[in-house]
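Hi,

Here is the structure I promised to pass on. Have a look, and my notes on what turned up are underneath.

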Amino acid sequence: MEPRRDPRGALVRPYAVTRGRTEPLQNIALEAVLSCTPTQVAEARFAGHDKHRIATVCEGRAQSLAEVAAYTRMPLGVARVLVADMVAEGLLTLHTAAPAEGFEERMNLLGRVLSGLREL
């Protein structure tokens, strides 16, 4: 018979993973798209287990911050802090959905395309 394991032994408090920080270095939206190259994954191996897991999830397929938290089974706040750290360290690439500059022109273009499609 196997000895019973203490279920509390597998739990790590979120503040321990983020070293006590609750706020990310930069604000990253839940829908922000993140990706990782094989080189970044290799570098993330030396950044810690949790960061390596995040890099592995984003390798080869872009993921949103919300998806990263879900796939790694991390609390969203923890994932947000770690992902912001990884972006700052160059271990993840952050792709913004709409750049601040040129936003109005893009919206006008999309409006014209939509109008054109309605005429078809």
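A quick bit of vocabulary before the notes: a residue counts as buried under 20% relative accessible area, as exposed over 50%, and as partly exposed in between. Also keep in mind that this is a predicted model.

With those cut-offs, L109 comes out as partly exposed, because its relative accessible area is 43%. You'll find L109 in helix α6, which covers residues 103–119. Together with V113 and L117, L109 makes a nonpolar surface patch of about 270 Å².

Now the chain as a whole. It has 6 helices and 3 strands, and going along the sequence they come in the pattern α-β-α-α-β-α-α-β-α. Of the 120 residues, 27% are buried. The accessible surface adds up to about 8800 Å², and carbon and sulfur atoms account for 56% of that. As for contacts between residues at least 6 apart in sequence, 68% of them link residues at least 24 apart.

On to the sheet. The 3 strands make an open, antiparallel sheet, ordered β2-β1-β3. Both β2 (63–64) and β3 (93–95) sit at the edges with a single partner strand each, so each has one side without a neighbour in the sheet. As a reminder, strands of a sheet pair through backbone hydrogen bonds. Here, β1 (residues 33–35) pairs with β3 over 3 bridges, in the antiparallel sense. If you want one pair to click on, S35 has T93 in β3 as its bridge partner.

Cheers

How values were computed:
Residues numbered from 1 in each chain as written. Predicted model: local features only at pLDDT ≥ 70, side-chain atom pairs only at ≥ 80, totals over all residues. Heavy atoms only, no water. Patch = residues over 30% accessible without salt bridge, like charges linked within 9 Å, V, L, I, M, F, W, Y side chains within 5 Å. Areas by Shrake-Rupley, 256 points an atom, 1.4 Å probe, with all protein chains shown as cover. Salt bridge = Lys/Arg side-chain N within 4 Å of Asp/Glu carboxyl O. Helix = DSSP H or I, 4+ residues; strand = E, 2+ residues; numbered from the N terminus. Buried < 20%, exposed > 50% of the residue type's maximum accessible area, 1.4 Å probe, protein only. Contact = heavy atoms within 4.5 Å. Pairing = 2+ DSSP bridges.
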